[in-house]
Amino acid sequence: MKKTAVLMFTILLVFVMALSGCSSSSSSGSDSAKKEIVYWNPFTGPDGENMKQIVNDYNKTNPEYKIKNVSITEGDMYTKIPTVVNSGKGIPDLTIVHAERIKQFVDSDMLTPYDDYLADYPELKAENYVPAGWNIGDLNGSRYSIPLDVHSFVMYYNKELLEKYAPTALDDNVVTFDEIREAGVKSRKDGITGFGFTWTRPIFLSIYNQLGGDITNDGETPTLNTPEAKRTLELLKGLVDDKITNKDGEDPGQLFKSGKAIFYPEGIWMQNSLNEAKKLNWGLTNFAQVSPDKIVNWTSSHQFVMFKDENRSEEKAKGIMDFLDYVRQNSLPWAKAG
């Protein structure tokens with residue numbers, strides 16, 4: 001009888017503890033969900049530290065809903081988004097996406113518009129943002145995004161190497177591909193790369209537009225099988241064939257930071273990384289141009305969006321808006337990142 005009583009008491013105790021554990025866990029999870037805004041962003045590069053600073057500074061103001069910063073590699077983030085939205089589980093409360101993605105998400109009915117919330121935040125308005133960045137979030141008469149920035153793909157240069165191999169290239173504030181080629185022919189004899197071949201997409205799109213190409217004529221159908229596209233690829237292939245660019249397998253960023261490359265096309269968001277190279281004396285200018293008569297820099301914008309989530313409360317939505325209004329007034333660390 002004693003053994004039976006002890007066994008039953010043990011089973012009862014375990015059962016009560018299990019219930020207690022479930023109750024505690026459930027309560028904690030619910031409370032956490034109420035008081036935390038999960039914020040996905042693709043800032044895994046040097047600029048990510050600056051975004052962490054903004055989030056940390058905001059959380060120190062003791063808001064009702066604190067921000068949980070989750071940085072995910074861009075490719076992985078865009079792969080995960082449709083999965084979580086369609087499943088209804090693990091949907092981030094707030095997400096940074098690139099401007100060119102917004103129409104796709106709206107067409108797929110994946111975004112919650114800001115229309116119902118903006119009346120209480122009168123400073124989140126067009127006058128306080130770069131027009132191109134603000135306007136792209138206005139679709140079908142609704143506001144689907146709030147801009148964080150407008151960012152461009154530009155070109156860095158080594159000041160000492162520029163003076164040695166292309167001293168007059170920046171006299172008109174424009175570096176042409178002809179000037180890059182001329183400098184690269186001279187510098188390759190000394191083991192110096194003329195032009196770092198980096199991110200193909202913005203490099204191609206910038207040159208393609210400079211030559212008069214347009215990726216679409218109607219906003220839907222791609223127009224890439226064109227003479228302008230062929231000229232763009234021939235220009236880039238010529239730089240590679242003539243050894244003006246870095247070799248396959250060489251890291252153009254490391255070459256530039258170690259003083260082994262004259263020109264380094266990259267985004268303004270790479271400034272933190274270059275500042276870490278203490279002995280590097282660098283400058284920044286427009287992306288390389290085919291002609292000084294038409295200057296084109298590929299530009300995009302990071303935008304705050306809310307993916308549809310039927311479990312997101314009005315209180316949490318207000319917490320999101322509080323954060324966006326804070327960022328509007330306290331984004332200097334982001335500017336310092338480029």
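Asp 116 sits in the loop between β4 (111-112) and α5 (131-135). In this predicted model, Asp 116 is exposed, with a relative accessible area of 69%. Asp 116 also belongs to a negative surface patch. The other members of that patch are Asp 115, Asp 138, Glu 314 and Glu 315.

The protein chain as a whole has 338 residues, and buried residues make up 46% of them. The chain contains 13 helices and 13 strands. Its accessible surface comes to about 18200 Å². Carbon and sulfur atoms hold 52% of that surface. Among contacts with a separation of 6 or more, 79% join residues 24 or more positions apart.

Thr 112 gives one example of such a long-range meeting. This residue is placed in strand β4. Thr 112 and Met 306 are 194 residues apart in sequence, yet their C-alpha atoms are 5.5 Å apart in space. Leaving aside residues up to four places away in sequence, Thr 112 touches Tyr 144, Met 306, Phe 307, Lys 308 and Arg 312.

Lys 308 has a second role in the picture, through a salt bridge with Asp 109. The closest N and O atoms of this pair are 2.6 Å apart. Asp 109 lies in the loop between α4 and β4, and Lys 308 in the loop between β13 (302-307) and α12 (314-329). The two residues are 199 apart, and the pair links distant parts of the chain. Asp 109 counts as exposed, at 52% relative accessibility. Lys 308, at 33%, counts as partly exposed.

The structure holds 13 salt bridges. Side chains of opposite charge can pair when their charged atoms come close. One of the salt bridges joins Arg 201 and Glu 100, with the closest N and O atoms 4.0 Å apart. Arg 201 is in helix α8 and Glu 100 is in the loop between β3 (94-98) and α4 (102-107), so the pair ties together parts that are 101 residues apart in sequence. Both partners are partly exposed: Arg 201 has a relative accessible area of 35%, and Glu 100 is at 41%.

Another salt bridge is formed by the side chains of Lys 103 and Glu 220, at 3.8 Å from N to O. This pair, too, links distant parts of the chain. Lys 103 is in helix α4, Glu 220 is in the loop between α8 and α9, and 117 residues separate them. Lys 103 is partly exposed, with a relative accessible area of 41%. Glu 220 is exposed, with a value of 60%.

Helix α8 covers residues 200-210. Its buried residues are Pro 202, Ile 203, Phe 204, Ser 206, Ile 207, Tyr 208 and Gln 210. An α-helix has 3.6 residues a turn, so residues three or four places apart point the same way. The cover over the buried residues of α8 includes two strands, β8 (151-158) and β10 (261-267). It also includes two helices, α7 (177-187) and α9. After α8 comes Gly 212, with a positive phi near 100°.

Positive phi values also occur outside glycine. Most residues other than glycine have a negative phi. Asn 62 departs from this, with a positive phi near 60°. Asn 62 is found in the loop between α2 (48-59) and β2 (66-71). The residue is exposed, with a relative accessible area of 61%. Lys 243 likewise has a positive phi near 60°. Lys 243 lies in the loop between α9 (227-241) and α10 (252-257). This lysine is exposed, with a relative accessible area of 60%.

Lys 243 also takes part in a positive surface patch, together with Arg 188, Lys 189 and Lys 247. Lys 247 is found in the loop between α9 and α10. At 61% relative accessibility, Lys 247 counts as exposed.

Definitions and conventions:
Residues numbered from 1 in each chain as written. Predicted model: local features only at pLDDT ≥ 70, side-chain atom pairs only at ≥ 80, totals over all residues. Heavy atoms only, no water. Patch = residues over 30% accessible without salt bridge, like charges linked within 9 Å, V, L, I, M, F, W, Y side chains within 5 Å. Areas by Shrake-Rupley, 256 points an atom, 1.4 Å probe, with all protein chains shown as cover. Lys, Arg positive; Asp, Glu negative; His and termini not counted. Charge placed at Lys NZ, Arg CZ, Asp CG, Glu CD. Helix = DSSP H or I, 4+ residues; strand = E, 2+ residues; numbered from the N terminus. Buried < 20%, exposed > 50% of the residue type's maximum accessible area, 1.4 Å probe, protein only. Contact = heavy atoms within 4.5 Å.
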